[in-house]
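Here is a friendly walk through one chain, from its charged pairs to its sheet and one of its helices. Please keep the viewer open as you read.

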Amino acid sequence: MGENEIEWDQLTQLGDSLDLNNADEQSLVILAMGEACWISQKPDDETYGLHVETTAAEKVSVELAAYSEEQAIWQPIGGDVEARAAVLYHSGWMIFFLWAGSVGVIFYFQGQRAGWVDHFANSSTALFDSHEWWRPFTSLFLHADLLHLLGNILSAAFFVPFVSRALGAVRAWLVILACGTLGNFLTAWTHYPGEYLSIGASTAIFGALGILAGIGFSGSVRASSQRRWMRMAAPVVAGFILLGLLGGGAEGGNTDVMAHAFGFGSGLISGFAAAELQLIMIDSRRSSEREI
């Protein structure tokens, strides 16, 4: 639709004194809705105005407001590089290598002391009959063989740094290990009173995957655009797909699918809660800065 098909008095101006980048960005949002828009340049400076048909002005205003809200979520302190960097943490490789070294050392001594598996593996009967509550946690540091150990270290190297970037390395590892422990506890509880034994860090690693999905879900929930439900579902669906691909195992194998699922679910809830808490803290800091 061009200027020769509509009069300017049939248009409503939604944006004023925009720079060219902002005008282009907002016009793309409007075009994605299937609505027409016009950009006008002020004759006395280098700013621009954004115009839409009056009949579509209310709908477009709602979508532009939702788009601005989404941008604020992903850039919670401001639009500049320094502000965005303030809410991103280091990947925490030092803590990762400390963890990898510790499970490697434990694996070595585990081979020297056969009783370690009997005493520290996750066991449904020992947990609930003998009240050996440490087992869901300590089993995260034991592994069946070298391939099992290396597989979990490589998987952790892929997922855990992203969680550290979002939450901070110390908080990330605390939450990941808590999710792994909870996942192991729930798996043992589900099997009880039957006998159930397991070892390995994979429950915690799938907890890390769930945390990432939960963080993405949190950002999508706060969005209010027309595509809100699609954006809410995307990170969770992606997490479940990865859970199926990486944690499903093969028929007759030793993969503990239930523990992976409980770890992922614990991480999903924890990641959502952690992201929401972080945004609340950011909003509080913003309010304090405004008061100053």
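Is Glu132 buried or exposed? Glu132 is buried, with a relative accessible area of 16%; buried means under 20% relative accessible area, exposed over 50%, and partly exposed in between (1.4 Å probe, protein chains only). Before going on, please note that this is a predicted model, in which local features need pLDDT of at least 70, side-chain atom pairs count only at pLDDT 80 or more, and totals for chains, interfaces and linings use all residues. Residues are numbered from 1 along each chain as its sequence is written, and side-chain values use heavy atoms, with hydrogens and water left out.

**Salt bridges**

Searching the whole structure gives two salt bridges, each defined as a side-chain nitrogen of Lys or Arg within 4 Å of a carboxyl oxygen of Asp or Glu.

| Pair | Closest N and O |
|---|---|
| Lys59 and Glu35 | 2.8 Å |
| Arg135 and Glu132 | 2.5 Å |

Lys59 and Glu35 link distant parts of the chain, 24 residues apart: Lys59 sits in helix α2 (residues 57–74) and Glu35 in the loop between α1 and β2. Helices (H or I, at least four residues) and strands (E, at least two) are DSSP runs, numbered from the N terminus. Lys59 is partly exposed at 40% relative accessible area, whereas Glu35 is buried at 18%. In the other pair, Arg135 counts as buried, at 5% relative accessibility.

**The sheet**

Three strands make an open, antiparallel sheet in the order β1-β3-β2, where pairing requires that DSSP finds at least two bridges between two strands. At the edges lie β1 (11–18) and β2 (37–41), each paired on one side only. From one strand to the next, the twist averages 25°. Five bridges join β1 to β3 (residues 48–53), and Leu11 stands opposite Glu53 in β3. Helix α1 (residues 20–32) packs on this sheet, touching β1, β2 and β3, and its direction makes about 15° with that of β3. Axes here are lines fitted to C-alpha atoms, for helices over the stretch in contact, and angles run from 0 to 180 degrees between N-to-C directions.

**Helix α4**

Gln110 belongs to helix α4 (residues 93–112) and is buried, with 9% relative accessible area. Beyond its neighbours within four places in sequence, Gln110 is in contact (heavy atoms within 4.5 Å) with Trp116, Val117, Leu142, His143 and Ile199. Tyr108 also has its place in helix α4, but Tyr108 is exposed, at 51%.
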